[in-house]
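Colleague: I have a structure open and some questions about it. Can you walk me through it?

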Amino acid sequence: MTTNSKKAITISPDSQITKKDFYSCFFRSLTLDSSWNYERMQNLAYAYMMAPIIRRLYTDEKDRAEALQRHLEFMSVTPHICTLLVGISGAMEEENARNDEFDAASINAVKSSLMGPMAGVGDSFFWGTLKVIAAGVAISLSNQGNIMGPIVFLLIINVPHFVLRYICLDKGFQLGAKFFNDLGNSGIISKITTAASILGLMVIGGMAASNIYFELPIQIGSGDFAEPLQGYIDQIMPAFFPAMFFLIMYWLLGKKVKTTTILIGLIAVCILLAAMGVV
Amino acid sequence: MQITQTFLIILIAFFAYMHSYVGSTMHNRPIVVAPLVGLVLGDLETGIKLGATLELVFMGAFPIGASNPPDFVAGSIIASAYVITTGQDFTNAVLLAVPIATLVLLIDNVQMTVLLTWASHIADKFALKGDIKGVERTQIIAGIGNKIILACVVGLGFYLGVPFIEKILAYIPDYVSHGLDVAAGIIPAIGFAMLARMMVTKKMVPFLLLGFLLAAYMEITVVGIALMGVVVVLIYLNFTNESKEVVEDDNEF
């Protein structure tokens with residue numbers, strides 16, 4: 001940290017990795033989900049991301065082959081924050097290139113122990129919380145034919161997304177190998193998970209109540225005195241049917257019923273009930 | 001005219017599928033894609049409104065780990081194009097979008113099990129030789145190539161499918177479309193349940209209920225609930241921090 005490097009463009013004084021490599025990794029990280037396959041998921045894109053670093057650190061063909069093979073292993077993480085892993089494994093690769101004692105196997109060990117929790121936090125934050133909030137706001141705008149709907153949707157998601165993606169890469173390199181312990185000790189991961197879950201679940205609850213539609217057409221009484229049963233139900237509990245349908249779906253998913261099966265079943269039941277004149 | 005439209009539809013589809021090549025920015029969502037279809041077919045406003053409807057239908061469709069959602073890009077594009085060009089009811093967009101999306105998911109799955117797995121095996125061979133350029137080239141070709149294939153599938157569906165689907169729709173009796181109408185109102189429940197499944201633990205159930213009841217009884221908007229959620233998170237973290245500090249103190253001394 002104290003010695004000054006001869007070139008100012010490296011990411012830190014005692015690193016060989018240049019600012020150019022850093023940005024190259026950043027832009028390549030955008031492609032993480034593009035070659036997703038069932039066997040090793042994001043492995044090909046991950047190796048592509050690491051390529052500038054591998055090229056910088058290793059000149060020997062054998063070292064390059066080993067590094068490429070390392071990063072072609074299984075990878076599954078939320079694409080938006082994958083840069084944290086790239087930073088960490090980049091810093092570890094640098095340590096590996098510099099230090100003969102360094103165990104190269106620990107690079108993949110750290111990668112695989114981090115990708116699970118990171119995907120947990122990232123998926124619930126991006127696909128759960130942020131996407132749901134963005135859709136909620138955008139749908140109400142789009143319903144009125146307002147062009148701001150899609151624009152607001154993209155902004156709500158992508159402003160935090162690109163800021164986080166950059167910060168993650170930066171922090172990843174900085175913290176490097178020792179990062180794993182730090183994060184484990186301070187309990188940041190569990191705090192972020194809790195916060196994201198609370199916020200996400202409240203929004204999901206609210207959206208379920210206002211976006212699932214069902215009204216019972218059954219009338220109580222006869223002739224002029226007939227009143228819709230739905231009116232009585234609404235007085236006791238508004239959004240009673242949305243709540244019921246939500247619970248049924250939740251229960252079915254818990255029974256490992258596939259969503260395609262539920263969807264087809266639901267449509268079949270609704271058509272059947274419509275044919276009988278119940279709904 | 002149709003050729004030009006098909007070409008534009010292919011471009012939109014390619015643009016939408018490229019979302020995973022430019023940062024998973026979610027610009028492939030129906031709420032963005034349907035307005036684009038509206039724009040090229042000359043009815044932006046309908047496109048925007050359709051986007052809102054279809055976004056709700058595909059609420060729970062997102063990739064998590066190893067599960068892949070129905071191809072809502074294909075579903076949204078073909079269904080929106082159909083509804084805009086024929087002036088049909090919005091319900092028809094929902095009815096078309098879901099089966100089309102499920103159908104195209106089959107093609108997605110073939111790509112991800114066969115083509116892209118094969119690509120990563122090719123990359124393995126380059127890696128063995130330490131050929132960095134080879135691995136990079138494989139990723140670029142595979143990553144963009146599968147989008148081109150899918151975009152062409154959507155274009156073909158638009159070109160062949162719409163008059164074809166129209167003919168079939170004419171034979172559908174009333175109770176079927178009414179039943180589907182009812183189903184369309186309930187379908188979002190699946191998406192919300194999927195999202196909840198991902199996050200719910202016993203401790204977290206009250207927060208789901210809180211959001212639901214706030215909307216059901218007090219009719220607070222989603223944004224309002226999200227802002228209240230922030231307050232709840234802060235309160236929750238404050239309380240849990242206090243109790244944790246006490247416990248840690250006990251352990252240390």
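Colleague: Which domains does the domain assignment give for chain A?
Modeller: Domain 1 (19-202) and domain 2 (213-276); the bounds come from an automatic or database domain assignment. This is a predicted model, where local features need pLDDT of at least 70 and side-chain atom pairs count only at pLDDT 80 or more, while totals for chains, interfaces and linings use all residues. Residues are numbered from 1 along each chain as its sequence is written, and chains are lettered from A and ligands numbered from 1 in the order in which they are written.

Colleague: What separates the centres of domain 1 and domain 2 of chain A?
Modeller: 41 Å, with the centres taken over C-alpha atoms.

Colleague: How many helices and strands in chain A?
Modeller: There are 11 helices and 2 strands. Helices (H or I, at least four residues) and strands (E, at least two) are DSSP runs, numbered from the N terminus. The order of elements in chain A from that end is α-α-α-α-α-α-α-α-β-β-α-α-α.

Colleague: What share of chain A is buried?
Modeller: Of its 279 residues, 47% are buried. Buried is 20 or more other C-beta atoms within 10 Å of the residue's own, exposed is 12 or fewer, and partly exposed is in between, with C-beta atoms placed from the backbone.

Colleague: Switching to the contact between the chains. How many residues does each chain put in?
Modeller: Chain A gives 93 residues and chain B gives 87 residues. Two residues are in contact if their C-beta atoms, placed from the backbone, lie within 7 Å.

Colleague: Which helix supplies the largest share of chain B's side?
Modeller: H5(B), with 12 residues. By type, the side of chain B that touches chain A has 60 nonpolar, 20 polar and 7 charged residues. Ala, Val, Leu, Ile, Met, Phe, Trp, Tyr, Cys and Pro count as nonpolar, Asp, Glu, Lys and Arg as charged, and the others, Gly among them, as polar.

Colleague: And H2(B), mostly covered or mostly open?
Modeller: Mostly covered: 9 of the 11 residues in H2(B) are buried, including Pro30(B), Val33(B) and Leu36(B). After H2(B) comes Gly42(B), with a positive phi near 85°.

Colleague: At what angle do H2(B) and H4(B) pack?
Modeller: About 35°, with the axes 9 Å apart. Axes are lines fitted to C-alpha atoms, for helices over the stretch in contact, and angles run from 0 to 180 degrees between N-to-C directions.

Colleague: Which residues make that contact?
Modeller: Among them are Ala34(B) and Val37(B) of H2(B), and Ile77(B) and Ala81(B) of H4(B). The contact of H2(B) with H4(B) has 9 nonpolar, 3 polar and no charged residues.
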